[in-house]
Amino acid sequence: MSEKYHIVTYGCQMNVHESEKIAGILCAMGYEETRRIEEADIIVFNTCCIRENAENHAFGNIGALKKLKKQKPSLLVVVGGCMTQEKGKTEVLKQKFPFIDIMFGTLNLERLEALIKQKKKERKRVVEIREEAGEIFEDVTPFRTSYPNAWVNIMYGCNNFCSYCIVPYVRGRERSRKPENIIREVQNLVKEGYKEITLLGQNVNSYGSDGTTGMTFSELLDAVASIEGDFRLRFMTSHPKDFNEDVVKVMQKHRKICRLVHLPVQSGSNTVLQAMNRRYTREKYLDEIKMLRSYFPEAEVTTDIIVGFPGETEEDYLQTESLVKEVEFASAFTFVYSKRQGTKASTMDAQIPEDVQKDRIMRLVELVNAFTRKKSEKYMGKTVEILCEDYDSKKNLYFGRDEFGRMGYFISEKNVIGKFVQLKVTKVNGISLFGELEKVKE
Ligand code: SAH
Ligand code: SF4
Ligand code: F3S
């Protein structure tokens, strides 16, 4: 019987996809997946350190393994991801959890197999973290469990050093994948029947700016969208300092590209944006939205917002509220600023008290949700195209998303997972739509 693996993932889409690569490595070594952690022979924690609560979450879950490891000493406990790349964190992990067998980082994923083999030979704990990124690791086939969606990295790392953010410290400098590797991967995915491809990078608009690809992001997007087949194309994340009309023109050329842009604004106040080192103004941001909607009036925008950044006054916060009202985001991820060791903002005076942060986040969430609900109501009675992603056996309903990321639920006699379906919306509930199946695209 083959040995079993279990992966616990924290953090962003990038990490979710990295876990698919980790799974790919483990499958190639002969391991099989198990959803039950108690059954596993190897457990991998793919960690995140973007905010303190992400770290606490991982600390809690790793700590909870102590008992299992005692009962089953042959169990391999592996910790990877962004936390291990954080300065001093591997030491903390080592001390807190002496039962960890292997630690690796985001910059040496290609070493995982060798590290596992090494650990199986030695009793000693194996720790290998690289400080700087090497060649891009192409020699891995991700084990995807996200059908009909697939994520494809176009680049790694980040050069932007937004003053609050730890990503550039734990993911290294920006590296772009070669266009031919990206295109080949997407071609294969489409051939295999994947229906939604999302191109991933911390700042996709600066694709190729390391001068190694001979292509800009809009050119790459054009090339990927030109691949034949019936699929949707998304990209994430755009940085407002680099988002531009060339990209929107490519969106206009290809109906495959979803008219939804994730454009994190972070704050509506120019003073805060400057202190965050975001390198755009509120006005530039609003101009970009205007430009996008001049091409597609129906275009939707989602965003990320941080409240309680050091020095943020009530006035600054209200500027964020007013920007939210002006743009009418389809949805927004809202965060309370979390101090990250080693970042510029962590040394700034005027850190905001917790009660003020809490008050602001509560007001903001309410405002953002009001727009999301208002947008939902517009769907009533309309027909939308949903890509069916899965079946919810508890609710007895199939579900999937429309072009703008709205979740739609419906009844179907046939299994329609992986198909585009037309849904007539008969009920709206907060952010979800319910509808009657009108047509299935074969
Ligand atoms: N590269 C993307 C996203 C990076 S992380 C971008 O530039 O937009 C996702 C989100 O986490 C960020 O957009 C930001 O809103 C949030 N974030 C990052 N660091 C944070 C911190 N220290 N505290 C709170 N939120 C943070
Ligand atoms: Fe962090 Fe800014 Fe880079 Fe995004 S662009 S990952 S927020 S430093
Ligand atoms: Fe992502 Fe968290 Fe790392 S948000 S890049 S997994 S710090």
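## Working through a predicted model

The shell residues around ligand 3 split into five nonpolar, two polar and one charged. Keep in mind that this is a predicted model.

**Exercise 1.** Work out which residues surround ligand 3.

*Solution.* Start with the cysteines: Cys 12, Cys 48, Cys 49 and Cys 82 are in the shell. Then add Ile 50, Asn 15, Gln 202 and Arg 171 to finish the set around ligand 3.

**Exercise 2.** Decide how helices H13 and H14 run relative to one another, and find the residues that meet.

*Solution.* Take the geometry to begin with: H13 (residues 314–327) and H14 (residues 354–377) pack at about 10°, with axes 10 Å apart. Angles under 35 degrees count as roughly parallel, so H13 is roughly parallel to H14. Next, look at the contact: from H13 come Glu 314, Tyr 317, Leu 318, Thr 320, Glu 321, Val 324 and Lys 325, and they meet Arg 360, Arg 363, Leu 364, Leu 367, Val 368 and Phe 371 of H14. Sorted by class, that contact has seven nonpolar, one polar and five charged residues.

**Exercise 3.** Find out how many residues of H9 are buried and what covers them.

*Solution.* Seven of the nine residues in H9 (217–225) are buried, among them Phe 217 and Leu 221. Their cover includes helices H8 and H10 plus strands E10 and E11. Now bring in Phe 235: its contacts include Phe 217 and Leu 221, as well as Val 247 and Met 251. Phe 235 also ranks with Ile 197, Leu 199 and Tyr 285 as having the most contacts inside the largest nonpolar core, which has 56 residues. Helix H12 gives that core its largest share, six residues.

Definitions and conventions: Residues numbered from 1 in each chain as written. Chains lettered and ligands numbered in written order. Predicted model: local features only at pLDDT ≥ 70, side-chain atom pairs only at ≥ 80, totals over all residues. Heavy atoms only, no water. Near = heavy atom within 4 Å. Nonpolar A, V, L, I, M, F, W, Y, C, P; charged D, E, K, R; others polar. Buried < 20%, exposed > 50% of the residue type's maximum accessible area, 1.4 Å probe, protein only. Helix = DSSP H or I, 4+ residues; strand = E, 2+ residues; numbered from the N terminus. Contact = heavy atoms within 4.5 Å. Axes fitted to C-alpha atoms, helices over the stretch in contact; angles between N-to-C directions. Parallel < 35°, antiparallel > 145°, perpendicular 65-115°, else oblique. Core = buried A, V, L, I, M, F, W, Y, C linked by side-chain atoms within 4.5 Å. Lists of a residue's contacts leave out its neighbours within four places in sequence.
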